[in-house]
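Visitor: I am new to this structure and would be grateful for a guided introduction to the contacts between its charged side chains.

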Amino acid sequence: MSIKFRPAQLADVPAIATLLASLFAIEQDFSPDPARQIAALKLMLPREDILLWVAEETLEGEAEVVGFCSVQCLISTAEGGPVGLIEDVVVAEGWRAAGIGQRLLEGAEAWARRRGCSRLQLLADEGNLPALDFYRRQGWQQTRLRNWRRLLRD
């Protein structure tokens, strides 16, 4: 067994969509919709201001995507420059607690630092206690900001 971390490729999109389905199934605000996830991933792949970072396990010559993280650069008026928004972090069920999530976040942070980002931020479902504990252990801090949204589609 060997885990490799690398930017996603088009061939990874179906596996990433499967990982996202497992994430969205436990989030109260989202529902899995593979067609939407695949469409979004294909829009994100060619952009240089977005990182799609995967953890790939290779066993007996067969490769499988077992973790995924995405980061998008934004411009923050509060910071006066670029910041990174981590949109997704997910590790396949059988691979959790193996350090993959930590390494995905480390890759995201390195990428954001190279782009001059002064801050990373992410959202996590308040009911996903394992994820909240994970982020705390990684040194992330909860802010006093609340997330609000307004859907613009039917």
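Guide: The following exchange concerns salt bridges and the exposure of the residues that form them. This is a predicted model, in which local features need pLDDT of at least 70, side-chain atom pairs count only at pLDDT 80 or more, and totals for chains, interfaces and linings use all residues. Residues are numbered from 1 along each chain as its sequence is written, and side-chain values use heavy atoms, with hydrogens and water left out.

Visitor: How many salt bridges does a search of the whole structure find?

Guide: A salt bridge is a side-chain nitrogen of Lys or Arg within 4 Å of a carboxyl oxygen of Asp or Glu. Searching the whole structure for such pairs gives a total of eight.

Visitor: Is Asp-12, the salt-bridge partner of Arg-6, buried or exposed?

Guide: The closest N and O atoms of Arg-6 and Asp-12 are 2.7 Å apart. Buried means under 20% relative accessible area, exposed over 50%, and partly exposed in between (1.4 Å probe, protein chains only). Arg-6 has 9% relative accessibility and so counts as buried. Asp-12 has a relative accessible area of 6%, and is therefore buried.

Visitor: Which residue is linked with Arg-6 and Asp-12 in a network of salt bridges?

Guide: Arg-6 and Asp-12 form a salt bridge with each other. The network that links these two residues also includes Glu-56.

Visitor: What is the relative accessible area of Glu-93, which meets Arg-96 in a salt bridge?

Guide: The N to O distance in this pair is 2.9 Å. Arg-96 counts as partly exposed at 42% relative accessibility. Glu-93 is exposed, its relative accessible area being 63%.
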